[in-house]
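Here are my notes on the model, point by point. Have the structure open while you read, since I hop around the chain a bit.

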Amino acid sequence: MLEIKNIKIGDGHPKMCVPITGKTTEEIAEQTNLAKQSVAEIVEWRADLFNESEEINDMMETLEMIAGILPEKILLFTFRSVEEGGNRPVSLKMYHDVCLAAAGTQKVDLIDIEFGKVEFLGRKFVQDLKIQGVKIIMSSHDYDQTPEDATMIYRIGVMNQFGADIGKIAAMPHNLQDVLRMMNIVSRARAFNELPIATISMSDLGKASRITGEITGSVLTFGSLEEAQGSAPGQIPIDELQFILQTLHVKDQQVNSNQVSSNE
């Protein structure tokens with residue numbers, strides 16, 4: 001279990017995150033104020049979608065503006081590469097420098113770093129980020145398919161070895177079996193390590209994976225501020241997501257796979 005700003009990630013229902021997807025400072029400020037009023041515990045800034053400037057200093061000014069509006073929310077910084085569903089290509093050096101700059105602002109609580117990038121940048125990159133006091137979500141996205149179970153469990157194990165605080169696996173299902181496999185990955189991975197894990201089966205077909213985290217063990221779920229503002233296929237508007245999570249909440253039963261297998 002991971003505790004940030006008195007919010008216990010990995011305890012109870014999956015914590016809800018909404019993305020800020022605006023392209024301009026004006027759009028970002030508008031969405032940030034909506035996120036402030038939302039029920040989401042976590043707000044993610046998708047910095048790769050910001051198109052007013054490619055200068056890191058300008059991005060960091062925008063990040064500080066966002067942080068100033070959201071003092072009570074957990075703030076997640078993400079610069080998603082085009083290879084994993086992001087808005088634009090980014091060199092390894094640029095990726096490295098942007099993430100370190102964000103951590104250096106001391107304004108973010110979580111940074112999402114891509115598993116594929118960490119394989120090249122190494123453990124020191126992760127350590128340099130964590131020295132700044134941020135927690136790490138290490139993520140793997142596959143927009144073409146859902147990998148074999150062994151592949152996903154292997155990635156989670158390596159994420160743990162690299163020092164992730166949360167592992168995230170998101171993939172595109174081709175059929176119901178893919179969705180069910182994804183929903184069972186946390187339980188299977190628990191046999192090898194206790195890293196908190198978020199699992200997402202994308203698209204409309206995979207929506208069930210976004211609402212069942214309390215029983216499958218997925219610690220995070222991503223909703224949208226509005227129907228058109230999601231950052232990935234299958235995201236549910238945040239108010240609807242909260243209602244569904246509350247409806248599915250299992251009272252007085254220890255059924256969460258985290259609780260059953262690791263007693264977290």
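1. Start with the cysteines. The closest cysteine sulfur to that of Cys-99 belongs to Cys-17 and is 16 Å away, too far for a bond. Bear in mind that this is a predicted model. A disulfide is a covalent bond between the sulfur atoms of two cysteines. The cut-off used here for such a pair is 2.5 Å between the sulfurs, and the structure holds zero disulfides. Cys-17 is in no disulfide, with the sulfur of Cys-99 as its nearest at 16 Å. Are these two cysteines buried or exposed? Cys-99 is buried, at a relative accessible area of 0%, and Cys-17 counts as buried too, at 1%.

2. Cys-99 takes us to helix H3, where the buried residues are Tyr-95, Val-98, Cys-99, Ala-102 and Ala-103. Looking down the axis of H3, you'd find them within an arc of 130°, so they line one face of the helix. What sits over that face? The cover for the buried residues of H3 includes helix H2 (56–69), strand E5 (74–78), strand E6 (110–114), helix H4 (115–121) and helix H5 (123–131).

3. The geometry of H3 is worth a glance as well. Its 13 residues (92–104) reach 18 Å from the first C-alpha to the last, close to the 18 Å expected at 1.5 Å a residue. After H3 comes Gln-106, and its phi is positive, near 60°.

4. Now the cores. In soluble globular proteins, nonpolar side chains tend to be buried together. The largest nonpolar core in this model has 58 residues, and those with the most contacts inside it are Trp-45, Phe-77, Ile-111, Ile-113, Leu-129 and Met-138. Another core lies apart from it, with 19 residues, among them Cys-17, Ile-42, Ile-137 and Ile-200.

5. Ile-113 is a good residue to click on. Leaving out residues up to four places away in sequence, Ile-113 touches Tyr-95 and Cys-99, along with Val-118, Phe-125, Val-126, Leu-129, Ile-136, Ile-137, Met-138 and Ser-139. Tyr-95 and Cys-99 are among the buried residues of H3 from point 2.

6. Ile-137 is in strand E7 (residues 135–142) and counts as buried at 1% relative accessibility. With residues up to four places away set aside, its contacts are Leu-76, Leu-110, Ile-111, Asp-112, Ile-113, Ile-166, Lys-168 and Leu-220. For a pairing across the sequence, try Ile-137 and Ala-164: they are 27 residues apart along the chain, with their C-alpha atoms separated by 6.0 Å.

7. Ser-53 has some polar business to check. You'll find Ser-53 in the loop between strand E4 (42–46) and H2, and at 14% relative accessibility it counts as buried. Which partners does its side chain have? A polar atom of the Ser-53 side chain lies 3.0 Å from the backbone nitrogen of Glu-55, and a polar contact of 2.6 Å joins the side chains of Ser-53 and Asp-58. Beyond residues up to four places away, Ser-53 touches Asp-58, Met-59 and Arg-88.

8. Helix H10 (residues 238–248) shows two sides. Ile-238, Leu-241 and Leu-245 are buried, and they fall within an arc of 55° seen down the axis of H10, so they line one face of the helix. On the other side of H10, Asp-239, Phe-243 and Thr-247 are exposed. The buried residues of H10 pack against strand E3 (15–20), helix H8 (208–211), strand E10 (220–224) and strand E11 (236–237).

9. Last, two residues with contacts in common. Ser-201, in strand E9 (residues 197–201), is buried at 0% relative accessibility. Neighbours within four places aside, Ser-201 is in contact with Ala-171, Pro-173, Val-179, Met-182, Gly-206, Lys-207, Ser-209 and Arg-210. Gly-234, in the loop between E10 and E11, is buried at 12%. With the same kind of neighbours left aside, Gly-234 is in contact with Ser-203, Asp-204, Lys-207 and Arg-210. Lys-207 and Arg-210 thus appear in the contacts of Ser-201 and in those of Gly-234. Gly-234 and Asp-204 sit 30 residues apart in sequence but 4.8 Å apart in space, C-alpha to C-alpha.

How values were computed: Residues are numbered from 1 along each chain as its sequence is written. This is a predicted model: local features need pLDDT of at least 70, side-chain atom pairs count only at pLDDT 80 or more; totals for chains, interfaces and linings use all residues. Side-chain values use heavy atoms; hydrogens and water are left out. Helices (H or I, at least four residues) and strands (E, at least two) are DSSP runs, numbered from the N terminus. The expected span of a helix is 1.5 Å times one less than its number of residues. Buried means under 20% relative accessible area, exposed over 50%, partly exposed in between (1.4 Å probe, protein chains only). The arc is that of the directions from the helix axis to the C-beta atoms. Contact means heavy atoms within 4.5 Å. A polar contact is a pair of N or O atoms within 3.5 Å; within protein, one must be able to donate a hydrogen and the other to accept it, and residues adjacent in sequence count only if both atoms are side-chain atoms. A nonpolar core is a set of buried Ala, Val, Leu, Ile, Met, Phe, Trp, Tyr and Cys residues joined through side-chain atoms within 4.5 Å.
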